[in-house]
Each structure stands twice: as C-alpha cells, then as structure tokens.
Amino acid sequence: MSVLDLTHISRNFGTASRPVRALRDVSLRIEKGERLGIVGESGSGKTTLARIVLGLTRTSAGTVSLLDRDVTAHSAADRRFIHGAVQMVFQDPMSSLNPRKRIRDIIALPLRAQGVGTAATRASRVRDLLDSVGLPQRFLNARPGQLSGGQRQRVGIARALAIEPQLLLLDEPTASLDVSVQARVLELLVGLQQRLGIAQVMISHNLGVIRHAADRVAVMYLGQIVETGTTAQLYASPAHPYTQALFSAIPRVGDKKRTLGEDHTLARGEVASALNIPDGCPFHPRCPRASDICRSAEPKQVEVSPGQFARCHLVEPMAGLV
Amino acid sequence: MTDDIPARDLPIAGGVEDGPVSVEVPAWRIAVATLGKSPLSMVGLGIVLLIIVLAIFGPWIAPFPDDAGATVNFAERLQPPSWKHWFGTDIVGRDVLSRVIVGARISMMIAAFVIVLAVLIGVPIGIIAAYWGGWLGNVLMRINEVFLAIPSLVFVLAVAALLGPSLPVVIAAIALAWWTWFARLAYGEALHIKEEQFVEAAQVSGAGGLRIAFTEILPNLTSVLVVKITLDIGYVILLGAALGFLGLGVQPPDPEWGIMVAEGRDQLPNAWWLTTFPGLAIFVTVIGFNLLGDGLNDLLGARQ
Amino acid sequence: MSSLLAVDNLEIGYRDTDGVDVTLLRGISLSVARGEIIALVGESGCGKSVTAKAILGVLPDNLKARRGTIRYEDRNLLELDEAAYQAMRGRAFTLVPQHPLSSLNPVFTVGEQFFDLIAFQGRTHVGIIDYWRPRLSATRRRAIRTRTIDALREVSLPSPEELVDRYPLQLSGGQSQRVLIAMALVGDPQIVIADEPGTALDVTIEAQINDLLLERVQARQTSMIYITHDLGIASQLADRVYVMYAGRVVEEGPTATVFATPRHPYTAGLLRAVPKVTDESFEGIPGTLPDPKAIGQGCAFRWRCPFAINACAESVPPLSDVGDGCRAACVRATELELVA
C-alpha cells in the first residue's frame, strides 16, 4: 500500500476563458517511509500541489488516493481523514505560529482539534514532542515572539508530528533561517525521519538541502514534473535542461568569478506565467537548446535511465554539474 | 602560552539553543513606558483614571451625597460657587459638585454596558462574515451597512422615543447603533488575519471554523479593539448626555450630566454654574478618553 | 592601492527603553579600493545592514555613531550634514536594495521614477519652480527619456522603450531588480552598495542578476560592497571578503584564501554548515546569537565555539594578521587547524 498516489492531477484557477493552469497532468506516488524531494521555483505549481495533498483545495481533474482511500471528492469526511494522516511544516516560522498563543497550545492544537487523548495525555505528549525537537520544557509557557527563528521552526516541527502523521510535508522549512541555524534544523529533520520512518515530501528550491533530505527527486516547472529520478541519478547526470540550469545557477564556494555568457546551461529570460503557458514544451523560450520540435510539440516522458524520466525532446544528460 | 581548559562552564547568556531569546515583558509595563513618553497620553490616562474612581467611589467622595437624589434645600438655592459648594447649588439647593461626581457613575455605566453589548454582538458577526464569506458574509455585511447608513443620533432618538426614556432604553438604543462599527472593524481585521499562515496551519491541524474564528483570529483582534473601545467611550458618553439633554434618556432627579446641562439652560446667564460644570465634565471626560485612545493607538501601532 | 572608502573602528549603538546602552556595531573597520568588489558576509544580526546604512547616511534617528570614522576621499562622512550627504548619494555611492517591489513606488511609472533621479540628482531641496522646469521643457524631457532608455537597455531589459512607461507591478521580480540596478548605475557612482539583491528572487533569476551586476560594475570600474549571507555568491563576486559576527569583523582577506583556509572558527563553522550539492556532509553551529547586552568583555562567539578557552571571555580578540593577506579576530587563530 502506498501512502499517497496522485494520478494525472490538474488544477486550474480563474475563469474558463482565462484559466490559470497551476498544475497540468501531475502523477506521483509515495511509498511508506520514502523521502521525496520536489524542486521548483515560483510558478512551478509546488504550492498548489502541497495544498491538494494537505486537503486544503480540490483538484480539477485526476485522482488523489491517500492510504488506499480515494479522497478526490474532497468531502468533509475526506478532509478529516486527510488531516489525521498528513501534516505540514510551514516555510515561515514567523507567521506560521499564532503570536498570541503559548507554545504548549500551539503544539497541542492538532491533538485538541482532532479529539486525540485526554487533557493529561495531551500535555504529556506535548512535553515529549518538545524534547524530541531539542527544546527545553520551560518553553511551554513562552510565546512565539520570545523565540528565535530556528526555535520557532522546531515548534512547527513538533506541531506537525503531534498526531503521528503518515505523511509529512515540508515547504521550504529552512529557507527563512540563517545558514548555521538551517543546518541544525535540517539535521534534526533528517534524524527524526530516520527514527520515526515517516514518509516525507520536502519542497525546496535549494538543491543542497534536497540532496541531504530526499531519496527521490521530482523537478517541477510551470505545473508539470519535468524530471524525476533518484537523488543519485539526478545529481550525477541531470537530463532536463531546466534541471541542468538549476544546477548551474547555484553559487558555490570556491567558484571562480563568472563572466556573463560563459555558461551555456544557464536559463535565459523570465519564467512564463501560468496564465500564458507557451506552446509545445513550456520551457522552450528559456532553453538554450530549443529547436523547432520544442516550439510545436509537447514532449512526453522519456526514460533516460532506469527509473529516471525527463519530459524533453532532446534529452542530453549532462554529467559533472555537481 | 594559552590556557587549554575548555570553556564549557562559561555563563550562558542566550547563547545556547535552549534559552528564550527575549524575556516576556508584561504588557502593562510596555504600555506604561510608551505612554509615559507622551504627556498628552498621560493627561488622558489621568483623566480616565479619575473618572473611573469617581464612578466607583462617587457617593463616598461627594461632599453632599444626598444631593444626588431628590433632596431639596431651598435655603441654599442658586448659590454661586463658594468654599462650601465648589460648583455652587442648583435651583432646589442641591450641591452641583456632588451631583457632577455621582453623575460620573451614570455616564460610565452607560458607556460600559453599551460597549460590552456592542462588542458581544458586533465582533462575532464581523469575524463570521470575514472567515466564512460567501453569501452569509454578504448578508451580514449588507445588514451592517443598513445600520451604518442611519445616523446614530437619529436612530437612538427614534428608539428612545418609541420605548420611553429610561436608563436601560438609553443603553439598548446606543448599543443597537454601535455594534455596527465593531462588526465592521472586526470584519476588516479578520479578513487580513485569516490570510496568515498560522490560520492555514490551524486548518491543516484539523481545526474547524468556529475554533479557528475564536481561538486563532479573535485573540489577534484585541489590540485594535482596545483602541477603538477607548476612543468610543467618549462618544458614547456624549450620545448618552445628548439624550439626557433632550429629555429622552435618564430622567430627573438622577444627576446625569446631560439633564443637568438642560436644566441649567433656563438659568443662563445668571446662574452660569448650573450648565457650565456638567458641560465641563462631559468635555473633560471625552477629551480624556480621546487622548488615552490616541496614545494607545500609537502604542499598539508601534508594537506591530 | 589607496582606498576609496575606509571605515575605521566604527561603533554604533542606541539606548533602549530601560536606558541601557546597546551596541550594534562594535568597532568595524573595512576599506574598498577603486574598482574593487568586497563582500560583507554574515547572518542576521551581525550588523551588515547597519554598516551599509551608516555609509549611506540613512541610519534611523535612534542609532548613534559613538566612535570611529567613515572616510570617503578626504572627508569623514559622519561629520556631514544631511545636505552634504544628499549631494553625495547617487554620485559617490548608491544602493541596490533587497526587495524590488517595495523599493519602487507603485504609483509612478519606471520613467517617472527615473525622471526625478536624473533631473535632480545630488540636490537637497527642489523648489516648485525648479521641480517643474525640466518637466515643462520638451527637449529636457526627451533627453531624460533617452537617458532612461539607455540605462534600461544597459541592464538587458527587453523593449526598454515600452518598459519605461510601465508600472512596477507590471514587471516581474527579476525585471524590477534590473530596474533598481539601472537606477543605481545611472548617476555613474563610485561605489555601489548591493544589499542582498537576489534574495527575494528565484535561483535562476538571481544568478542572472548577479551576473549582470558583476559585468556592469566591472565594465565601469565601479567599486562594490556586496552584502550577503550566501558564501557561494561572495565567492563568485568578491575580491575580498569581510566575515561579520555580532557587530564585529571576525575575519577578512582575499575571498578565495579565506574560504579555502578559514582561520576563525565562525568562518569555518559557516562553511561547514552549508548543505552542499556534493556528497560532503554538513554540520550546523549550535546555539544562537548572544544578547548584545550580555557579550561583555570577551569574544562574542565564545558560547558557540568548539575551541573556546577561558581567555576568550577576558578580552575582545583584535583582528590580527594570519598571513596570506588575511586577518582573523581569534586568540587561537594561528594554532588552530580549521577544516572548512
């Protein structure tokens, strides 16, 4: 039994005449204990995908199956089921904690809202959760405003783990943290996942983070998954030009100074808007290798190597980018 | 040569993950410190505290507490301000100072009840309209707008004239006019707050609408509400006094400031003290609450 | 090389609500030579933004410079009044700010925002007549418009003749950032201060922006102070780097050397903490930034430093030479073998 099965998901917003096509034909499967990384920039649809998995919004097409139960209908019962099995660590530790509540109430909320346990068992569970995220007990009565960013993010992690979810979503959990703090929180997440064995989806644009937090990776662009494979495969030889561009764009310590135009794999121009997705391959306006077929025909998934797929007409895996 | 004793026993001053980075300073201490910087706000605070003290302890402070009722003392009628009667005496010989002091209690009672009622009605309506939106929100806000369109004084006069003048009617009438402002304020703020990530986090946690509305959204409205309440108290008192002045509110012999102003009108310009002192009381009270409200506005705005 | 701008032992602080003196910058020294690019690297709270604001003369009123000087050409900028500063901003130094959409006024078109910049640069007060004069002259308007379009073209913005009439909200994040770079360069400044210009943007766009900035600055031989928390960007763009922690410079030197062989435990810790795309492991630095009031006499990093000794609490370690043109503020700098 897989934990999550998304089949040919699409999601449109706006009007029928001018739709914003946030997700187009996305399929994903997550097994028990698996760690999936989703890489994408703004406009890729990753946020919409996360909201569908969390049960915050419905799909326009396709099916969503959670723990072998079809929840596509998004009924109230479906949503309750989802909330009991899927939890999220949010990106911004400043705004994802209610500044007026105390830490112990923030962590206890999922338990209270879903009627788990008694007041006594809940209090004890909150204490255990605080321990497992490395925060001292005296934080229970504090308010978020008294804590640092890293400490707040740990509270967010504790809250997400409260009801023992089967699937944990993390939306850029370390993006708003300082470098040194980010590493500590990441260490905590990796350690927790190893101990608890929860299936996990980590959304991040930071390929360094994904490397250490995911076993499989899906790269999204303008509402589609353009490449997918194991972490080892993708980092050794990414096949899709967008993935290659992402790798080239990472500024690394020890890089020599770049001069403009030297690197051929950099993507040009701006991300297109989901209102106006280009014909053919959606990446062609920015692709350094685009050719005629790219402008007219939508590429299908090509198996580049066993288990590694890319949506590209001119697949040319590139090694040595890492 | 350097020491090579590891420094693990150095005092930790917020340098380890497990210390809160900042100490929680009680809200009142921040309030006092910030308000203290503005002389006007302190004046406002002083006036408000004075009025509250008078409202609570009036009958014990007033030099002639019986004069607040229906006593008569024709021997001392219409005396100008003197050492015995600081504010003079009125047409039946009652000490004006005592009546003004006890009148504070009536004004504050009106203010307190009106505000409590208006908040209890208006705020939930505003939050519900904002969070659920849709047709319910539309209906609620349209009803709100109907009430808002009627000028408060006219509305209150109509209700008081209809139901007969008395203290409970005054309170009910003003509250019915006033809830709309709180609904609108709560609506606007709640619209903002519901977009915050912690509301989404609460949804993901499985919290239902009512729980979110009242435990996530409502606590974040309190600063705005406190400011509005403070500023509004002045206007409510003024409205109550206006009703009293027109004879549609509290009835004599109760020493409500509005009535006293009205009664004193006939004696102008000779016995000027009959109108002036109650009028001053109204004036000072409203200004006091306004100054304090402005100070709180700056304080709470600065906190964000 | 003589330096164009030299900050010497700058100390900046404020008085909090309890009347206690809090120090944000505890004696910063840095210098930029003509045509040089330096990076100020540090995490939040290290004082890099305060330093930039001090140089630009836009510190909030409650922050006071208690000690030190900022030398530009022959003058101490801290002694200048607002009028003299106005004359320098835009000509001597400019800012490329962090958030493109909140740095551009949404109710004016790109062209209108450039107009005032070009027409009135360096002037403190513009009276009503002076304000309208260039607007009423068709030749002047045309000249300014041409100059604006050239500036936009220089930052590789497509169709600058149309873009000049657009409003900021019609532009993407990357385009707005390019507009800001163009605005910073239009007055031909001596020093550009870039305050984390790519952080709000997507990774691929940020890479383009940094490339652009580097190319334009090198072409004009302008100096640049690049503020960032990203060591990779500092590595790519800067000739020299200053690593800051809790209001002090803890290490400085040529970028490649400092990052290859760090001599201060904090620099080493930062380098180790970045999750790398390669297989290398990473490791965070435990603890948090200390409360500025609690730092006292010693090194601000001592609570989080794996090599701390009692001497670290006794006095503030001075920046001392550690060879190869680098300096580090650590009493044990010479004896530690730090691994990045």
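This is a short walk through two interfaces of chain A and one buried glutamate inside it, all in a predicted model.

**Stop 1: chain B against chain A**

Start by showing chains A and B together. Select the residues in contact and you should get 27 from chain B and 35 from chain A. Between them the two chains bury about 2500 Å², with 47% of that on carbon and sulfur atoms.

Now look for charges. Two salt bridges link chain B and chain A. To see one of them, pick A:R51 and B:E200, whose side chains meet at 3.3 Å, N to O. Widen the search to polar contacts and there are eleven residue pairs across this interface, both partners at pLDDT 80 or more.

Which elements of chain B should you colour here? Try helix 7 (197–204), helix 8 (209–217) and helix 9 (222–245), each of which gives two or more residues to the side touching chain A. Helix 7 of chain B has the largest share, seven residues. If you colour that side of chain B by class, you'll find ten nonpolar, ten polar and seven charged residues.

**Stop 2: chain C against chain A**

Hide chain B and bring up chain C. This contact takes 45 residues from chain C and 41 from chain A. The buried area is about 3500 Å², 58% of it on carbon and sulfur atoms.

How many salt bridges are there between chain C and chain A? Zero, so don't spend time hunting. Polar contacts are there to select, though: twelve residue pairs, both at pLDDT 80 or more.

On the chain C side, highlight helix 8 (173–185), helix 9 (203–220), helix 10 (231–237) and helix 12 (265–273), each supplying at least two residues. Helix 9 of chain C gives the most, with ten. By class, the chain C side comes out as 19 nonpolar, 15 polar and eleven charged residues.

**Stop 3: A:E227**

Leave the interfaces, keep chain A, and zoom in on strand 10 (residues 224–230), where A:E227 is found. Is A:E227 buried or exposed? It's buried, and it has no salt bridge. Draw a distance to A:R289, the nearest side chain of opposite charge, and you'll get 8.7 Å; that is no salt bridge because the cut-off is 4 Å.

So what does the A:E227 side chain meet instead? Show A:T243, joined to A:E227 by a side-chain polar contact of 2.8 Å. Then add A:Q308, whose side chain also makes a polar contact with that of A:E227, at 2.8 Å.

Finally, fill in the surroundings: leaving out residues up to four places away in sequence, A:E227 touches a set including A:V217, A:V219, A:L234, A:P238, A:H240 and A:F309.

Key: Residues numbered from 1 in each chain as written. Chains lettered and ligands numbered in written order. Predicted model: local features only at pLDDT ≥ 70, side-chain atom pairs only at ≥ 80, totals over all residues. Heavy atoms only, no water. Contact = heavy atoms within 4.5 Å. Buried area = accessible area lost by both parts, 1.4 Å probe. Polar contact = N/O pair within 3.5 Å; in protein donor to acceptor, adjacent residues only side chain to side chain. Helix = DSSP H or I, 4+ residues; strand = E, 2+ residues; numbered from the N terminus. Nonpolar A, V, L, I, M, F, W, Y, C, P; charged D, E, K, R; others polar. Buried < 20%, exposed > 50% of the residue type's maximum accessible area, 1.4 Å probe, protein only. Lys, Arg positive; Asp, Glu negative; His and termini not counted.
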